Each structure stands twice: as structure tokens, then as C-alpha cells.
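Some questions and answers follow on a single protein chain. Please look over the sequence and the structure first.

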Amino acid sequence: MFIGGQHTGDVLVRVLATGTFDLLHPGHILYLSEAKNMGDELYVIVARGSMIRHKPKPIIPDEQRLEMVSSLKIVDKAILGSDSDIFIPIKQIQPDIIALGYDQGFDIQQLEKDLQDKGFACKVVRVRHSLSCPLCSSGKIIKKILERYK
């Protein structure tokens with residue numbers, strides 16, 4: 001078990017991170033690194049474009065975004081999310097901790113309640129760190145490209 005940043009015993013702590021990961025950038029790497037530091041194994045769910053409703057659909061196709069995230073050294077396993085129910089891959093992964101990015105719009109208490117109602121016993125933790133570099137978001141990268149090539 002992982003307690004206060006310390007590994008105890010032989011039980012591996014599985015951390016789950018989720019996101020769109022449309023255009024990989026340093027903000028994604030910080031988020032995934034912080035998530036990995038919460039446990040022993042880092043699993044990542046790459047959201048399917050069909051399920052994204054809170055921002056524009058990704059430019060990069062689902063399988064290509066999955067391949068990019070899977071290639072990162074800090075990621076132990078990456079899978080595509082469900083195209084109908086966000087809880088299906090969580091059931092498959094059985095995480096101990098779900099790490100949310102600093103800007104992901106989930107309400108932690110509501111998400112924990114929803115998880116508990118579905119029989120999951122995992123903790124939800126928000127990564128508090130972010131980067132303020134000029135191109136540390138997919139939206140900023142897209143804006144810069146549009147400025148350059150318009």
C-alpha cells in the first residue's frame with residue numbers, strides 16, 4: 001500500500017489518470033508524472049472523441065492519441081475509454097487512486113459518491129500543479145498554429 005508517498009508491503013497501488021491528450025504538451029507530462037508519483041502503476045484512459053462534450057472534439061484520432069500516450073515511459077498501461085459509459089474502463093482497471101488534472105472539471109465529492117455507488121473503493125485526488133508556459137495546453141497550441149498560418 002502507498003501511504004503518504006511511502007510504499008508499504010507487497011501491494012501495488014494502481015493510479016488512474018484520464019484525459020483527451022489531443023496534442024501532447026508539457027502540461028500533460030506534468031499531470032501524468034504527478035499521478036505516477038501517487039502510486040506504483042500508472043494506467044491512463046484516453047477519452048474517445050465521441051464522449052467529449054466539455055470542449056471541442058480532438059483533432060487527433062482516438063487510436064493515434066492512445067499510441068502517443070502509450071509510448072510515454074511513465075505510463076504503465078493506456079487504454080481507450082468507453083464510447084458509452086465512463087465507468088466501464090474503471091471497472092476493468094480497478095484503480096486505488098484516480099488522479100484528476102488541476103483543470104479537469106470533475107467535482108471530487110460527487111465523483112467519489114458516484115464511484116462508491118457503483119461499488120468502487122478508490123480515492124480521488126486532484127493534481128494541484130500546473131505549468132504556465134505559453135504552449136502548455138492543446139488550445140494554446142492550436143491558437144498559435146492558426147495565428148501562424150492564417
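**Charged pairs, helix faces, cores and a pocket**

Q: Is Lys113 buried, partly exposed or exposed?
A: In this predicted model, Lys113 has a relative accessibility of 44%. Buried means under 20% and exposed means over 50%. Because 44% falls in between, Lys113 counts as partly exposed.

Q: Which residue forms a salt bridge with Lys113?
A: Side chains of opposite charge can pair when their charged atoms come close. Lys113 lies in helix 4 (residues 108-117), with its partner 4 residues away and about one helical turn apart. The closest N and O atoms of the pair are 2.9 Å apart. The partner, exposed at 53% relative accessibility, is Asp117.

Q: How many salt bridges does the structure hold?
A: The pair Asp117 and Lys113 is one of them. Another is formed by Lys36 and Asp76. The structure's total of salt bridges is 4.

Q: Which parts of the chain does the salt bridge between Arg14 and Glu41 link?
A: The side chains of Arg14 and Glu41 meet at 3.0 Å, N to O. The two residues are 27 apart, so the pair links distant parts of the chain. Arg14 is in one strand and Glu41 in another, namely strand 3 and strand 4.

Q: Which of Arg14 and Glu41 is buried?
A: The cut-off for a buried residue is under 20% relative accessible area. Arg14 has 22% and therefore counts as partly exposed. With 18%, the buried residue is Glu41.

Q: How many residues apart are Lys36 and Asp76?
A: Lys36 and Asp76 form a salt bridge, with the closest N and O atoms 2.6 Å apart. Both are partly exposed, Lys36 at 22% relative accessibility and Asp76 at 43%. Lys36 is in helix 1, whereas Asp76 is in the loop between helix 2 and strand 5. The pair links distant parts of the chain, and the separation is 40 residues.

Q: Why do the buried residues of helix 2 lie on the same side?
A: The buried residues of helix 2 (residues 62-70) are Arg65, Leu66 and Val69. They are on the same side of helix 2 because the arc they cover around the axis is only 100°. An α-helix has 3.6 residues a turn, so residues three or four places apart point the same way. The arc that puts the buried residues of helix 2 on the same side is 100°.

Q: Which exposed residues does the face of helix 2 turned away from its buried side carry?
A: The buried residues of helix 2 pack against strand 4 (41-46) and strand 5 (77-80). The face turned away from that buried side carries the exposed residues Glu63 and Glu67.

Q: Which residues touch the most other members of the largest nonpolar core?
A: The largest nonpolar core has 20 residues. Strand 3 (14-19), helix 1 (26-36), strand 4, helix 2, strand 5 and strand 6 (97-100) each supply at least two of them. The residues touching the most other members are Val15, Leu32, Leu42, Val44 and Val75.

Q: How many residues are in the second, separate core?
A: This core includes Leu16, Tyr43, Ile108 and Cys122. Its size is 15 residues.

Q: Which residues lie nearest the centre of the largest pocket?
A: The largest pocket has a volume of about 1200 Å³, and 46 residues line it. Strand 3, helix 1, helix 3 (87-93), strand 6 and helix 5 (138-149) each supply at least two lining residues. Nearest the pocket centre are Gly19, Thr20, His54, Lys55 and Gln104.

Q: What does Thr18 touch, not counting residues up to four places away in sequence?
A: Thr18 lies in strand 3. With those sequence neighbours left out, Thr18 touches Tyr31, Ile45, Ala99 and Gln104.

Q: Is Phe21 buried or exposed?
A: Phe21 is in the loop between strand 3 and helix 1. It has a positive phi of about 55° although it is not a glycine. The relative accessible area of Phe21 is 3%, so Phe21 is buried.

Q: What is the phi of Gln94?
A: Gln94 is in the loop between helix 3 and strand 6, and it is partly exposed at 46% relative accessibility. Gln94 is a residue other than glycine with a positive phi, and the value is near 55°.

Note on methods:
Residues numbered from 1 in each chain as written. Predicted model: local features only at pLDDT ≥ 70, side-chain atom pairs only at ≥ 80, totals over all residues. Heavy atoms only, no water. Buried < 20%, exposed > 50% of the residue type's maximum accessible area, 1.4 Å probe, protein only. Arc of directions from axis to C-beta. Contact = heavy atoms within 4.5 Å. Core = buried A, V, L, I, M, F, W, Y, C linked by side-chain atoms within 4.5 Å. 1 Å grid on protein atoms, 1.4 Å probe; cavity = no way out; pocket = protein on both sides within 12 Å on 5 of 7 lines; lining within 4 Å. Points joined across faces, edges and corners; volume = space filled by probe spheres on them.
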